2 protein chains.
Amino acid sequence: MKLKNETRKDEIIKTAAKLFKEKGYSAVTMRDLATEMGMKAASLYNHINSKQQILKEIIISLAEEFTTGLQEIQKSNKSNIEKLRDIVKLHVNITSHNTYGMASLNNDWMHLEEKLEYYLQLRSNYEDEFRNIIQQGIKKEEIINENIEVMLFSILSTLRSLYLWIPKKEDLNTEELSQQLSEVLINGINKKID
Amino acid sequence: MKLKNETRKDEIIKTAAKLFKEKGYSAVTMRDLATEMGMKAASLYNHINSKQQILKEIIISLAEEFTTGLQEIQKSNKSNIEKLRDIVKLHVNITSHNTYGMASLNNDWMHLEEKLEYYLQLRSNYEDEFRNIIQQGIKKEEIINENIEVMLFSILSTLRSLYLWIPKKEDLNTEELSQQLSEVLINGINKKID
DNA sequence: GTCTATAGCTAGATAGAC
DNA sequence: GTCTATCTAGCTATAGAC
């Protein structure tokens, strides 16, 4: 694990993530990746051990980023609605600086081999923490007493799909987007009488 | 195109959709599909012409179902908020009777060959119609004057992700789910003072 | 650190017996 | 309509020259 190699290796992983987003892990060949990197497929193996390792690094680092981000949010004394706003910010921030990787996290996790179980554990824990915030919010009468699973998956689906349309916006203002998204997800789109 | 073949062919397509949902189009082999069907790969070709044809039939029929469904909704004289509720129903209904196919529609459309352009056209038109309903809703002061793209993609992302968690619910009541989902998407989760 | 060459395997699809 | 056998092409990964 020489430090000198990390720069080139990171470049390969970043390029791979871009291609994985376009066609999915299984449809991208090492030759595709090599061509995009301007080299031959065999040369890739001086920097990475396998195609599987690339997928693992993309997905696990992102999954851990979400886990630590949510743990940080949970430490605060904010209201549950405020915690939800922080979760929206977390997703917008991570997605905006790694749009490509988010595609693999969402669509190619099932192709993980040794790390599959670990990933599933992280994801399951994340959903449990998220669900818990909604439950506490209902108990404290900050959140309506609707079906918890419907609220959880409605919000989470939107946040998980962010990678699909964030790149379409030019000059992205993450602070503004987070604010607008929170508004829509929390308060809805229905116009009330002022 | 003998009618007698259609039953077996439909069975193959349905099984393929299930496998495509689990691993994605590219990772599913004709041998996998044959095994699941209890036959040999070569035998599949008595019913279908190619793997690509299977994907095409799964995706295009669903895309057309959404297109005609939205056209039907557009014909009515309902308010724009009511039209949105109908769109939610449309997605819940189509997804609940073809959960597997929805995975391909969402994640494997880029592997379409001859029909790719047609699919992209249908999807683009669908989004335009959807956006138009929101715009009209804002104009008629039924919907808040927030960022249209944020509202559009927030709602559409949730509806497009329905296939991921609808099967987790046992004894699904589509009418009830549509109602709950509309409530959350339109009115938000924030508790207001009664 | 990149290359050529290639091993070893599996993919989609076809031919033809039954 | 299903089978066995097989073709051609493409895959990941390695060996070894430079």
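How many residues of chain B are in contact with chain A? In this predicted model, 40 residues of chain B are in contact with 40 residues of chain A. The area buried between the two chains is about 3,500 Å², and carbon and sulfur atoms give 62% of that area. On the side of chain B, the residues that lose the most area to chain A are B:Val150, B:Ile189 and B:Lys191; together they account for 19% of what that side buries.

The polar part of this interface was examined next. Between chain B and chain A, 15 residue pairs are in polar contact, counting pairs in which both residues have pLDDT 80 or more. The count of salt bridges between the two chains, by contrast, is zero. Several helices of chain B each supply at least two residues of the side that touches chain A, namely helix 1 (3–23), helix 5 (80–97), helix 8 (148–160) and helix 10 (174–187). By class, that side of chain B comprises 17 nonpolar, twelve polar and eleven charged residues.

The arrangement of the two chains was then considered. A turn of 180° with a shift of 0.0 Å along the axis lays chain B on chain A with an RMSD of 0.0 Å. The two copies are therefore related as by a two-fold rotation axis. In chain B, the C-alpha nearest this axis belongs to B:Gly188, at 1.9 Å from it. Both copies use the same surface, in that 100% of the contact residues of chain B recur in chain A.

The model also contains DNA, and the surroundings of DNA strand C are described here. Strand C is surrounded by 16 residues, of which the closest are A:Lys40, A:Asn46, A:His47, B:Met30 and B:Tyr45. Of the atoms of DNA strand C that come within 4 Å of the protein, 59% are accounted for by sugar and phosphate. Backbone atoms of the protein approach the phosphates of this strand at two residues described here: a polar backbone atom of A:Lys40 is 2.6 Å from a phosphate oxygen of DNA strand C, and a backbone N or O atom of B:Val28 lies 3.4 Å from a phosphate oxygen of DNA strand C. A base is reached as well, with an N or O atom in the side chain of B:Arg31 at 3.1 Å from a base nitrogen of DNA strand C. Two or more residues of the surface near DNA strand C come from each of helix 1 (3–23) and helix 3 (41–44) of chain A and helix 2 (30–37) of chain B. This surface has six nonpolar, six polar and four charged residues.

DNA strand D is likewise surrounded by 16 residues, and A:Thr29, A:Arg31, B:Lys40, B:Asn46 and B:His47 come nearest. Sugar or phosphate makes up 57% of the strand D atoms within 4 Å of the protein, while the rest belong to bases. Phosphate oxygens of DNA strand D lie 2.8 Å from a polar backbone atom of A:Met30, 3.0 Å from an N or O atom in the side chain of A:Arg31 and 2.8 Å from a polar side-chain atom of A:Tyr45. The elements that give two or more residues to the surface near DNA strand D are helix 2 (30–37) of chain A and, from chain B, helix 1 and helix 3 (41–44). The residues of this surface divide into six nonpolar, six polar and four charged.

Methods: Residues numbered from 1 in each chain as written. Chains lettered and ligands numbered in written order. Predicted model: local features only at pLDDT ≥ 70, side-chain atom pairs only at ≥ 80, totals over all residues. Heavy atoms only, no water. Near = heavy atom within 4 Å. Polar contact = N/O pair within 3.5 Å; in protein donor to acceptor, adjacent residues only side chain to side chain. Helix = DSSP H or I, 4+ residues; strand = E, 2+ residues; numbered from the N terminus. Nonpolar A, V, L, I, M, F, W, Y, C, P; charged D, E, K, R; others polar. Contact = heavy atoms within 4.5 Å. Buried area = accessible area lost by both parts, 1.4 Å probe. Salt bridge = Lys/Arg side-chain N within 4 Å of Asp/Glu carboxyl O. Least-squares fit on C-alpha atoms with pLDDT ≥ 70 in both.
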